[in-house]
Amino acid sequence: MEMNKMRNMAAFVLLTLITHCALAEDLIMEPDSWSFPEVIEYARKISPNNIEGKPFNSLGLVYSSQELATIQLSALSALELQKYADIVTHAYPDAVAKQLPEQCDTLPLEYFNETSVAGIACISLHTTNSSTRDKAAKCLVALQNNFAKIGR
């Protein structure tokens, strides 16, 4: 009888710990260092290729600046945009999401380039927290609306 109580208590404690860990938002994967180029190498261990399977270059990008400049940011879906995100966003979407601005629609578009918009798209699809995904999705829509106003 005493042994059953101990097993039940151990099972309860274990279940409680697992549940707590699963719900804890502060337990997200981050690189050991955010310094460049170390962060690229940490990310490469997790995500050597983008969503299309293309390898990231030494700067953590798949596409050249000339290719990125041709993207119609306002017209592509999050699914289409995510392939242009950098290696760090692909590997650590939850950690990068901590840097999302609170009000995307009020920031000047000069603050955003093709890779950062693609990163927001990637975050909107791949973070573990649904409210973070929603925040990123709303940010993406606001940015795309503003880019549409300037034909971009």
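What pattern does the chain follow when read along the sequence? In this predicted model, the chain follows the pattern α-α-α-α-α-α-α-α, with eight helices and zero strands. Of the 152 residues in the chain, 37% are buried. The accessible surface amounts to about 9,400 Å², and carbon and sulfur atoms account for 58% of it. When contacts in the chain between residues at least 6 apart in sequence are considered, 66% join residues at least 24 apart.

Helix 8 comprises 20 residues and covers residues 130–149. From its first C-alpha to its last, helix 8 reaches 29 Å, close to the 28 Å expected at 1.5 Å a residue. Its buried residues are A136, C139, L140, A142, L143, Q144, N146 and F147. An α-helix has 3.6 residues a turn, so residues three or four places apart point the same way. Spacings of this kind occur among the buried residues of helix 8, including A136, L140 and L143. The cover over the buried residues of helix 8 includes helix 4 and helix 7. Just after helix 8, G151 adopts a positive phi of about 70°.

Several residues of helix 8 also belong to the largest nonpolar core. This core contains 36 residues, of which L81, V88, V117, I120, L140, L143 and F147 touch the most other members. At least two residues of the core are supplied by each of helix 2, helix 4, helix 5, helix 6, helix 7 and helix 8. The surroundings of V117 illustrate the packing: leaving aside neighbours within four places in sequence, V117 is in contact with L73, L81, F112, L140, L143 and F147. Among these partners, L140, L143 and F147 are buried residues of helix 8.

A covalent link also involves helix 8. The structure holds one disulfide, formed by C104 and C139, with sulfur atoms 1.8 Å apart. The link of C104 and C139 is left-handed, with -90° about the S-S bond. Because C104 lies in the loop between helix 6 (93–97) and helix 7 (114–126) while C139 lies in helix 8, the pair ties together parts that are 35 residues apart in sequence. Both ends of the disulfide are buried: C104 has a relative accessibility of 4%, and C139 has a relative accessible area of 5%. Another cysteine, C122, is buried as well, with a relative accessible area of 1%.

The aromatic side chains were examined in turn. A pair of aromatic rings is described by the distance of the centres and the angle of the planes. The count comes to one aromatic pair. The ring centres of Y63 and Y84 are 4.8 Å apart and the ring planes stand at 50°, so the pair is tilted. Y63 is located in the loop between helix 2 and helix 3 (65–69), and Y84 in the loop between helix 4 (78–81) and helix 5 (87–91); the pair therefore ties together parts that are 21 residues apart in sequence. With a threshold of under 20% relative accessible area for burial, Y63 counts as buried at 11%, and Y84 is buried at 15%.

The backbone also includes a cis peptide bond. The bond from F36 to P37 is cis, with omega near 5°. P37 is placed in the loop between helix 1 (2–23) and helix 2 (38–46).

Methods
Residues numbered from 1 in each chain as written. Predicted model: local features only at pLDDT ≥ 70, side-chain atom pairs only at ≥ 80, totals over all residues. Heavy atoms only, no water. Disulfide = S-S within 2.5 Å. Helix = DSSP H or I, 4+ residues; strand = E, 2+ residues; numbered from the N terminus. Buried < 20%, exposed > 50% of the residue type's maximum accessible area, 1.4 Å probe, protein only. Contact = heavy atoms within 4.5 Å. Areas by Shrake-Rupley, 256 points an atom, 1.4 Å probe, with all protein chains shown as cover. Phe/Tyr/Trp six-rings, centres within 6.5 Å; stacked < 30°, edge-to-face > 60°. Expected span 1.5 Å × (residues − 1). Core = buried A, V, L, I, M, F, W, Y, C linked by side-chain atoms within 4.5 Å.
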